[in-house]
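Hi everyone, thanks for coming. Let me bring the model up on the screen, and then we can walk through a few parts of it together.

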Amino acid sequence: MGAGQRSTTPTPGGNDAWLARSLASVWHPCTQMKAHETLPLVPVARAEGVWLEDFDGRRILDAVSSWWVNLFGHGEPRIRAAISAQLAELEHVMLAGFTHRPAVELAERLSALAPGRLGHAFYASDGASATEIALKMSFHAWRNAGVADKRRFVSLSGSYHGETLGALSVTDVAIFRDTYDAIVLSNATVPTPDARLARGGRTPADVAREAGDALEAFLAANHATIAALVVEPLVQGASGMVMYDASYLARARELCTRHRVHLIADEIMTGFGRTGTMFACERAGVAPDFLLLSKGITGGFLPLACVLASDAIYAAFYDDDVARGFLHSHSYTGNPLACAAALAVLDVFRDDRVVDTNRAKGARWEAIAAPLAAHPKVRDFRRCGMILAFEVDSGRSDFARWCFTEGIARGILLRPIGQTVYLMPPYVITDDEFALLADRTREIVDRS
Ligand SMILES: Cc1ncc(COP(=O)(O)O)c(C=O)c1O
């Protein structure tokens, strides 16, 4: 028997059959595959709303919106219908030299919603490719402007911007980065304004001011070689839902402008209402030079990313010389089905007044979770819009994996980051479902 294979013959079509076949053929992401010798995969047959269902009909509440993408749960009928309608007209055409209605309408609508004058949409397929595009565009824009020395980037400690080599070079999460240190570009990090550092009478705004001071000192000394600052506005997701005061963003914008450094706002996770406004930058009244969008953009139906660039950036490439253009491309750039799904997502936001409705809903989630927040093992319980997070004082060294397993056994999908548990369910979760989620999470914390 090879690693991960099972000795019994599973029933065809049942959970065990798919589990065995998956382990034999699929290399799963973000996974040491050997761990699945003892940690069972969860085969999913179908899903609706907040519920995943396995091949034996057992249901699991998706409390992390499937890696933060399924904003409206699974199978939202309006998004599904929009993709079907688009399928009948045009499934794909290359976007170099051609154009189509969904790509144009989506670019126009995203640009109208985004802060500032971000009038130019460059499409890609996933978050990491959006980061790559913004880094290349930033460097190239400076180069076209005759400033070729700006070839490095700065990001916050604990930042996560994806895992392709360029994106990894501005990512500061050891488990993802350290192995590849020898082959990624060397960039700089500045201190995070993590609000949990506000202890002993210091407020989150004090921490933000100190982190802003560090950024100011860094840019004053290094602006000649720094093309851009890359930030996850308000919440650093993958390093443990690190939340920070909006004043940091306003200061970062002012410093970037003063030192001629681009500001790249990576809203791949925070965008589309997750932090309480359509885009997190709005909370600080800030307009970046680049806005990166993906994940929730299609509500979890199809892969799509979009880099919105400012008019000034676009102008830096507009020339008779081909090589001064941005020649980057991906085969599926601007795929019509994905753009149609994204347009349907924007329709749902408009028709259901999602951002307004979520304001009260987020507050209700917090109130429902109050007994969980008060548990003696829970530390730094926090909320930013539709994200709740806390640390668990547990003696278990394998806490994240243990908690995941306990969650699955109780029919809830939790995916802690180290000791940090977060609840980021689809916006459509009912209060009763959220109460069930909070209750079962509390049971797990209690046993930890
Ligand atoms: C802030 C942020 N940027 C970039 C990415 C990378 O996106 P993708 O996984 O689609 O490559 C992620 C993914 O979690 C993210 O949270």
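Strand β2 (residues 51-53) pairs with β1 in the antiparallel sense, over 3 bridges; strands here are DSSP runs of E with at least two residues, numbered from the N terminus, and two strands pair if DSSP finds at least two bridges between them. One of the bridges links Ala47 to Leu52 in β2. Both strands belong to an open sheet of 4 strands, ordered β1-β2-β3-β15, with mixed pairing. At its edges sit β1 (46-48) and β15 (412-413), each paired on one side only.

A word on what you're looking at: this is a predicted model, where local features need pLDDT of at least 70 and side-chain atom pairs count only at pLDDT 80 or more, while totals for chains, interfaces and linings use all residues. Residues are numbered from 1 along each chain as its sequence is written, and side-chain values use heavy atoms, leaving out hydrogens and water.

How confident is the predictor? The mean pLDDT (confidence in each residue, from 0 to 100) is 96 for the chain, and 98% of its residues reach 70 or more. Over residues 1-7, though, pLDDT stays under 50. Where pLDDT is low, please don't read the predicted coordinates in detail.

Now, the ligand. What does Asp266 offer it? A polar side-chain atom, 2.7 Å from a ligand nitrogen atom, which is a polar contact (N or O atoms within 3.5 Å). Lys295 places a polar side-chain atom 3.0 Å from a ligand oxygen atom, and a polar backbone atom of Ala128 is 2.9 Å from an oxygen atom of the ligand.

Note on methods:
A polar contact is a pair of N or O atoms within 3.5 Å; within protein, one must be able to donate a hydrogen and the other to accept it, and residues adjacent in sequence count only if both atoms are side-chain atoms. pLDDT is the predictor's confidence in each residue, from 0 to 100. Contact means heavy atoms within 4.5 Å.
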